[in-house]
There are 2 protein chains.
Amino acid sequence: MAELMASRKKPPVSKRRPSGKQPATIRSLAEHLKLSSAAVSMVINQTAKSDRFPEKTRKRILAAAEKFNYRPNFVARSLRKQQTFTIGVLVPEISEGYAALVLAGIEDYLLQAGYFFLVISHRHKEHQLEQCLRLFMDRLVEGIITVDTMLPREISVPTVAVSGHKRMAGVTNVVLDHRQAASLALRHLFQLGHRKIAFIKGQPFSTDTESRWSSIREAARQLGLEIDPKLVTQLQADSPSPELGYDVVKALLAERRHFTALFAFNDISAIGGMRALLDSGLKVPSDISVIGFDDIQYASYQNPRLTTIRQPLRHMGELAAETLIRRIGSKEPHPKIIAVAPELVIRESTAPPASSSLEKQVDEAAVRDWR
Amino acid sequence: MAELMASRKKPPVSKRRPSGKQPATIRSLAEHLKLSSAAVSMVINQTAKSDRFPEKTRKRILAAAEKFNYRPNFVARSLRKQQTFTIGVLVPEISEGYAALVLAGIEDYLLQAGYFFLVISHRHKEHQLEQCLRLFMDRLVEGIITVDTMLPREISVPTVAVSGHKRMAGVTNVVLDHRQAASLALRHLFQLGHRKIAFIKGQPFSTDTESRWSSIREAARQLGLEIDPKLVTQLQADSPSPELGYDVVKALLAERRHFTALFAFNDISAIGGMRALLDSGLKVPSDISVIGFDDIQYASYQNPRLTTIRQPLRHMGELAAETLIRRIGSKEPHPKIIAVAPELVIRESTAPPASSSLEKQVDEAAVRDWR
DNA sequence: TAGCTCAGGTTAAACGTTTAATCATTTCAT
DNA sequence: ATGAAATGATTAAACGTTTAACCTGAGCTA
């Protein structure tokens, strides 16, 4: 029996001496130092009990780790600790400037927190969402950040939504303060004297479309400004592109409706819309003012430079990441919603309407009220 | 002795019945089915030996997996198989349109290949590169794709560089055919009649700067076109921004040098440069033609629309990913360089020079040579 | 009836860490 | 001399898979 035992329990001679080609492991270090792997692990991780080891031993261990260029195996550690230090980010499309900026903010925060992120874009296809989530869960992400995406169901890990309008149990929303944004933009146009304003609403699938639009209506109501439904159009196609704004404005012009200003859902469509105006022989801003939304990099390089509402996307990404990491591993109640402030950036695409407009003097009092 | 054995080998009653709250594991399934975990693993993975199990058993196993919603633990599998199905992508800055487009292409390919990717941006800081690489290696990525980034050293995993000019051992480069690109652009300007052309070179750190510039000189030589060093400027700051192009052109104009066309390193600087021309009261293209490089989304929405050389960035990303996955796990010699073709996109920002230019008739013959 | 083959599995180790529980010495107080 | 405490570790299990090697019994052959 003893022999049998002996034959079973072979002498565990490591094939992987720390001097070899293979990367050093805790075990190879331990063997080399003639210590147990527990000792090495504790000292290297500076775990609570590691001060039970005398200075001398600790030095020895750390020196060996240095010498053999030991790097902990992330996968093994993940398995043991049941933590992957990975989160999933779900965006409509990586290459869109909007998402890319939020991603940059997320990266800023996550890397310094020791986390990494995986990205998937669902390409505006709703039926893909479930599969995307599954891929994330299969990878054992510890949390999820969605960007401008409506989740199809509850998620079993902490989730933060950047610009997801639907409030869901367990999800923290990081959003722009749309009411303030709408108010800023509309007051700007109103104060300039505009009364006939055309609007481009966002795509139906965009999670910002509804809240932004209702905020605009509220701001209009407070200003006593009437919104002519005939002057409201909506972007339709899936992927944002200036083309969409272009087409929408061309259609509007074809109907020969009179308006003095255009408020676009985002800069992308504002740029397309402006282009349509220019192509139709209208001058911006002398004939028609244009205001956008987002303040993308190219807004200030349009001709004329685009007036817009700035959305601090990068900061929203950071905030989302920070909130998520806070939520992971703390069972405390999490914030339901985090709103960030917009900023009105006045450039060249807005100006008082041409003097042919009649309503000019009418509402001066109302303007003062809003100051 | 028997007793000792028994006491050591406790009955391995699982705490995790497949019906419980915990996710099902191979072991919990095996126990429930009264089979070994090996059997379950083999059948679920359809491993070579799985046909040793009769149809009946296989059905049972698969049914149980389905019923308990078994999902393989990715981390455990990675540890065991020593494969992470993860690659690292190193970019200058995630939010820059250039990188975002390449990333989108990479994602396209990788997801369908069962891989994920981690992104780090080095923010144009060379001293960060080493740390970025280390983070990747610590995460045990199976390969690395760099975008517009010069590696500081050789890497121990397969690597593909998108637009990295320095040829390094073991690295596959995916690049635009710069000679063709330069030739297309310059011939276009030349055929329009331009002889005095100003150039904006890229930032010193961009890996495309050198090859693009030398290709331009070569193309100029072949056309018999002289490049006036006084008309060559270089972008300086770290992060690309239209601002840089703006400043450079403003400086050029301040020196009162005469030129009829501007060839910018990329669309971003072309847009800034165009803005500077416009701000100085010059008309594009009637006074000065402008040609860019990349064909970013907003190029076609400039006023005037920007003529440019299109670079198929998304495709280059896909290609890079495909090449990398091919390289992983195959010891065959890999391609050293993969060149993709540029495309000249003629829009509104280029036109023949104002008739005041004198050289017009001189080189008609040379033009024909190049047809 | 010994030996072989084959079907249908099982065993146990391995991947590299972490960590709760335990152990062997020495030191110290009583 | 004895028990307690402190010191400085070790042991072994666990995380969830995968896989090479082995096992068992039935059926067949010579």
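Start by colouring chain A and chain B separately and selecting where they touch: 60 residues from chain B meet 60 residues from chain A. Keep in mind that this is a predicted model. Between them the two chains bury about 5,100 Å², with 57% of that on carbon and sulfur atoms. On the chain B side, show Phe116(B), Arg139(B) and Tyr301(B) as sticks; they lose the most area to chain A, together 16% of what that side buries.

Now for the charged pairs. Twelve salt bridges are counted between chain B and chain A. For one to zoom in on, pick Asp279(A) and Arg305(B), whose closest N and O atoms are 2.7 Å apart. If you switch on polar contacts too, the interface of chain B and chain A has 22 residue pairs, both partners at pLDDT 80 or more. Next, go to cartoon view and find the elements on chain B that give two or more residues to the side touching chain A: among them are helix H5 (74-81), helix H6 (97-112) and helix H11 (267-279). H6(B) gives the most, with seven residues.

Next stop, the loop of chain B between strand S2 (116-121) and helix H7 (129-138), where you'll find Lys125(B). Is Lys125(B) buried or partly exposed? Its relative accessibility is 36%, so Lys125(B) counts as partly exposed. Add Pro92(B) to the selection: it sits 33 residues from Lys125(B) along the chain, yet their C-alpha atoms are separated by 8.3 Å.

Time to go inside. Select Leu186(A), Phe263(A), Ile145(B), Leu186(B) and Phe263(B), the residues with the most contacts inside the largest nonpolar core, which has 100 residues. Centre on Leu186(B) and look around: leaving aside residues up to four places away in sequence, Leu186(B) touches Ile197(B), Phe199(B), Ile216(B), Ala219(B), Ala220(B), Leu223(B), Leu225(B) and Phe263(B). A second, separate core has 54 residues, including Val290(A), Leu252(B), Leu262(B) and Ala299(B).

Last, hide chain B and colour chain A by domain: domain 1 (14-72), domain 2 (81-177 + 315-340) and domain 3 (178-311 + 343-370). The C-alpha centres of domains 2 and 3 of chain A lie 31 Å apart. Where they meet, 13 residues of domain 2 are in contact with 14 residues of domain 3, and about 1,200 Å² is buried between these two domains, 53% of it on carbon and sulfur atoms. Select His124(A), Leu176(A) and Asp177(A): in domain 2 they lose the most area to domain 3, together 48% of what that side buries. Don't hunt for salt bridges between domain 2 and domain 3 of chain A, as the count is zero; look instead for the eight residue pairs in polar contact, both at pLDDT 80 or more.

Key: Residues are numbered from 1 along each chain as its sequence is written. Chains are lettered from A and ligands numbered from 1 in the order in which they are written. This is a predicted model: local features need pLDDT of at least 70, side-chain atom pairs count only at pLDDT 80 or more; totals for chains, interfaces and linings use all residues. Side-chain values use heavy atoms; hydrogens and water are left out. A nonpolar core is a set of buried Ala, Val, Leu, Ile, Met, Phe, Trp, Tyr and Cys residues joined through side-chain atoms within 4.5 Å. Buried means under 20% relative accessible area, exposed over 50%, partly exposed in between (1.4 Å probe, protein chains only). Contact means heavy atoms within 4.5 Å. Helices (H or I, at least four residues) and strands (E, at least two) are DSSP runs, numbered from the N terminus. Domain bounds come from an automatic or database domain assignment. Buried area is the accessible area (1.4 Å probe) that two parts lose on being put together, summed over both. A salt bridge is a side-chain nitrogen of Lys or Arg within 4 Å of a carboxyl oxygen of Asp or Glu. A polar contact is a pair of N or O atoms within 3.5 Å; within protein, one must be able to donate a hydrogen and the other to accept it, and residues adjacent in sequence count only if both atoms are side-chain atoms.
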